[in-house]
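Trainee: I have a structure to go through. Can we take it one question at a time?

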Amino acid sequence: MKYTITGDNLQFVNVELQSNEEFLSVAGAMSYMTGNVRMESNMEGGLWKGIKRSLSGASLFLLRYTPQGGVGVIGLCGKAPGKVLDIDVGKGAWMVQSSGYLGSETTVNLELAFQKKLSTAMFGGEGLMLQRLSGTGTAFIHACGDLNVVDLAPGEQYKVSSANAVAWEDTVHYDISSVGGIKTALFSGEGLFVTTLTGPGKIVIQSMTMGDLAEALIPYLPQSSN
């Protein structure tokens with residue numbers, strides 16, 4: 001499989017498939033494909049795996065792309081202004097925020113994962129469910145805003161504003177910690193808790209969340225006269 005990621009803040013991932021290759025994506029991610037690509041909707045892994053996948057923020061059915069009679073091309077993009085990132089799960093599993101998964105080679109496993117602590121689920125900004133990507137091959141994730149990838153050394157720690165942690169390697173410890181005293185929590189604009197990520201491993205941080213984007217657009221939305 002060959003691919004390129006093009007664009008700036010409304011990025012495409014352009015995937016080139018040989019006649020013996022296939023590709024999977026969530027429903028609604030496909031923007032274009034060449035005429036020789038067959039697209040089928042399947043409940044990959046059966047009903048129970050499909051249900052767990054939908055609980056993690058992905059779609060119940062995945063789309064499978066197969067080129068016919070030569071090279072085929074498909075283009076995928078996210079549903080909000082943001083970046084696409086490629087990750088090689090053959091080097092290790094990744095944890096991804098809910099709805100982050102965009103598509104992957106068929107050798108990548110998309111699974112439901114739970115937050116390890118109830119406090120993480122309550123105050124971390126991403127809820128109880130996460131997506132876990134494992135297996136072999138390349139997967140693509142999408143998140144709002146720009147992305148900063150940081151490779152943490154063993155024991156190195158980053159404290160990230162809630163909901164800005166997009167993804168992290170499975171070797172990274174994920175927890176919630178207090179941001180400081182009550183005054184700091186009230187006037188810092190960050191709330192009472194921050195996400196604490198401890199290395200070793202790579203982490204991905206986004207500059208804007210979907211909630212931030214929605215809040216910024218509210219003043220410009222048409223107002224009802226009632």
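Trainee: What does the accessible surface of the protein come to, and what percentage of it belongs to carbon and sulfur atoms?

Mentor: Keep in mind that this is a predicted model. The accessible surface comes to about 11400 Å². The part that belongs to carbon and sulfur atoms is 57%.

Trainee: What percentage of the residues count as buried?

Mentor: Buried means under 20% relative accessible area. The protein has 226 residues to sort by that cut-off. The buried ones make up 42%.

Trainee: How many helices and strands does the protein have?

Mentor: Take the two kinds of element in turn. There are 19 strands in the protein. The helices number four.

Trainee: Among contacts between residues at least 6 apart in sequence, what percentage join residues at least 24 apart?

Mentor: Start from the contacts whose residues are at least 6 apart in sequence. Then keep those with partners at least 24 apart. That share is 77%.

Trainee: Which strands stand at the edges of the open sheet of four strands, and why is one side of each left without a neighbour?

Mentor: The strand order is β1-β2-β7-β4, with antiparallel pairing. Each edge strand has a single partner strand, so one side has no neighbour in the sheet. The edge strands are β1 (2-6) and β4 (30-33).

Trainee: Which residue stands opposite Leu17?

Mentor: Look at β2 (residues 12-17) and β7 (residues 72-77). Six bridges join these antiparallel strands. Opposite Leu17, in β7, stands Gly72.

Trainee: Why is strand β13 largely enclosed by the rest of the structure?

Mentor: Check both ways its side chains point. Thr138, Phe140, His142 and Cys144 point one way, Ala139, Ile141 and Ala143 the other, and all are buried. β13 (residues 138-144) is largely enclosed because the buried residues number seven of the seven.

Trainee: How many bridges join β8 to β13, and how many join β10 to β13?

Mentor: Both pairings run antiparallel. In one, Lys83 stands opposite Ala143. In the other, Ser104 stands opposite Ala139. For β8 (residues 82-88) the number is seven, and for β10 (residues 101-105) it is three.

Trainee: Which residues form a nonpolar patch on the surface?

Mentor: Go to the end of α4 (210-217) and the segment after it, where Ile218 is found. The patch has about 280 Å² of accessible area together. Its members are Leu217, Ile218 and Leu221.

Definitions and conventions
Residues are numbered from 1 along each chain as its sequence is written. This is a predicted model: local features need pLDDT of at least 70, side-chain atom pairs count only at pLDDT 80 or more; totals for chains, interfaces and linings use all residues. Side-chain values use heavy atoms; hydrogens and water are left out. Patches are made of residues with over 30% relative accessible area and no salt bridge: like charges are joined within 9 Å, nonpolar side chains (Val, Leu, Ile, Met, Phe, Trp, Tyr) within 5 Å. Accessible areas come from the Shrake-Rupley method with a 1.4 Å probe; for residues, only the protein chains shown count as cover. A salt bridge is a side-chain nitrogen of Lys or Arg within 4 Å of a carboxyl oxygen of Asp or Glu. Helices (H or I, at least four residues) and strands (E, at least two) are DSSP runs, numbered from the N terminus. Buried means under 20% relative accessible area, exposed over 50%, partly exposed in between (1.4 Å probe, protein chains only). Contact means heavy atoms within 4.5 Å. Two strands pair if DSSP finds at least two bridges between them.
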